[in-house]
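Welcome! Here are a few exercises to work through with the model open beside you. Try each task yourself before reading its solution.

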Amino acid sequence: MTSRSSSFQLLFLADTHLGFDQPVRPRVKRRRRGPDFFANFRRVLAAALEQQVDLVLHGGDLFFRSRVPETIVDQAYRELLAFADHGIPLVIVPGNHERSRLPTSLFLQHPKIHVFDAPRTLRFGLGGARVALAGFPSVRRNVRADFRQLVAATGWSDAPADIRLLCLHQTIEGATVGPTGYTFRTGHDVIRQRDLPASFHTVLAGHIHRHQVLSLEEDGGCLLPVIYPGSTERTSFAEADETKGYCRLVFAPSRGGDWSLDRSEFVPLPSRPMVTVELPARLAPSGVEAFLADVARNAPADAIVRFTGSQTVSPETRRAFGSARLADCLPSSMNVQLGSGFFDGRGPERAT
Ligand SMILES: [Mn+2]
């Protein structure tokens, strides 16, 4: 049996996309999804404190885009700072939505907060192990060609370590996304599996929003798991059927003293149902209220509703979906997403 003193426990989350659907001065008053995103972010940090894990890793896309309103940045950093004050190290990989760098803030000077702002290796003594986390900020061009060089530039091999983790915000060959399970294979932004160095115990990656574990078998039979915790909330309807959450990893030493990944579990987080409703082609403007009343009756009260088929209904009918009409006919606990293509009939509606 492994005692608490000789195990290394890590919580791994990614793609929190804070600031999503959270306008500072909304033009239309309706329920926003922004608070859901913050709530799940808080749930992970609360779990880390409750379980007294040794380290928390955020795999990137802390924020939903590179230019985030100051109030959102402040709110996020306040939460991170309050967490870091408890003494648990927090490591962040800047993601592509941050344009590979996080908004500058004094908060990030906290001694327990570490950001991979350049290729580097962070070393910790935690849980009785020498832990080395190597990583670099999200690379948006030609990561496939430059990957080996980027890993070398982290300096991971400069010092001995019991546990080596490679921390990325990238697409790795074999990762799958979307309702049809599209699998990434080739492309200048896809890292080849055979380029992943077997000297690491695990690759911990953000960027792919579906939770998945890729088991990579090297020629010699070595297994190097790649873990994507996935996003902590659904950022688009392509993720409608995905369970969201984060990962908890426990590393432990063998009798011989070699450390390995002992357990890894996916911990689900709550997320509201996403419902797609197709507009009947013959829907008349006068029928929109009854149609919406039907949606209000049949969809879960807290659903995020998307209407498809807007291209086939008349412009008059589309215009009958004004925000006042939606607010009148649907419970305020629901969200409705009308993409930019809705009113001009370009459809299909996009969520992000
Ligand atoms: Mn993302």
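**Exercise 1.** Which residue of strand 19 does Arg 306 stand opposite?

*Solution.* Keep in mind that you are looking at a predicted model. Begin in strand 18, which spans residues 304-308, and find Arg 306. Looking across to strand 19, you meet Gln 337 opposite Arg 306. These two strands run parallel and are joined by three bridges. Now turn to strand 17: there, Thr 276 has Arg 306 as its bridge partner.

**Exercise 2.** Work out the strand order of the open sheet, and explain why strand 17 and strand 19 each have one side without a neighbour.

*Solution.* Step one: the sheet has three strands in the order 17-18-19, with parallel pairing. Step two: strand 17 (274-278) and strand 19 (335-337) are at the edges and have a single partner strand each, so one side of each lacks a neighbour in the sheet. Step three: disregarding direction, neighbouring strands here are turned against each other by 25° on average.

**Exercise 3.** Follow the chain from strand 17 to strand 18 and describe the unit they make with helix 4.

*Solution.* Start with the pairing: strand 17 and strand 18 are parallel, with five bridges between them. One facing pair is Val 275 and Val 305, the latter in strand 18. Next, add helix 4 (residues 288-298): together with the two strands, this helix makes a right-handed β-α-β unit. Finally, check how covered strand 18 is: four of its five residues are buried.

**Exercise 4.** Which residues have the most contacts inside the largest nonpolar core?

*Solution.* This core has 70 residues, and the ones to pick out are Leu 11, Phe 12 and Cys 167. Helix 2 (residues 70-84) gives the core its largest share, seven residues. Another core, of 17 residues, lies apart from the largest one and includes Leu 283 and Phe 321. Returning to Leu 11, and leaving out residues up to four places away in sequence, you will find contacts that include Val 44, Ala 47, Tyr 246 and Arg 248.

**Exercise 5.** Is Asp 258 buried or exposed?

*Solution.* First locate Asp 258 in the loop between strand 15 (245-253) and strand 16 (259-268). Then count: 8 other C-beta atoms lie within 10 Å. A residue counts as exposed at 12 or fewer, so Asp 258 is exposed. As a last step, look across to Ile 163: although their positions lie 95 residues apart along the chain, the C-alpha atoms of Asp 258 and Ile 163 are 8.9 Å apart.

Notes. Residues are numbered from 1 along each chain as its sequence is written. This is a predicted model: local features need pLDDT of at least 70, side-chain atom pairs count only at pLDDT 80 or more; totals for chains, interfaces and linings use all residues. A nonpolar core is a set of buried Ala, Val, Leu, Ile, Met, Phe, Trp, Tyr and Cys residues joined through C-beta atoms within 7 Å. A residue is buried if 20 or more other C-beta atoms lie within 10 Å of its own, exposed if 12 or fewer, and partly exposed in between; C-beta atoms are placed from the backbone. Two residues are in contact if their C-beta atoms, placed from the backbone, lie within 7 Å. Two strands pair if DSSP finds at least two bridges between them. Axes are lines fitted to C-alpha atoms, for helices over the stretch in contact, and angles run from 0 to 180 degrees between N-to-C directions. A crossover is right-handed if, with the strands pointing away from the viewer, the path from the first strand over the helix to the second runs clockwise.
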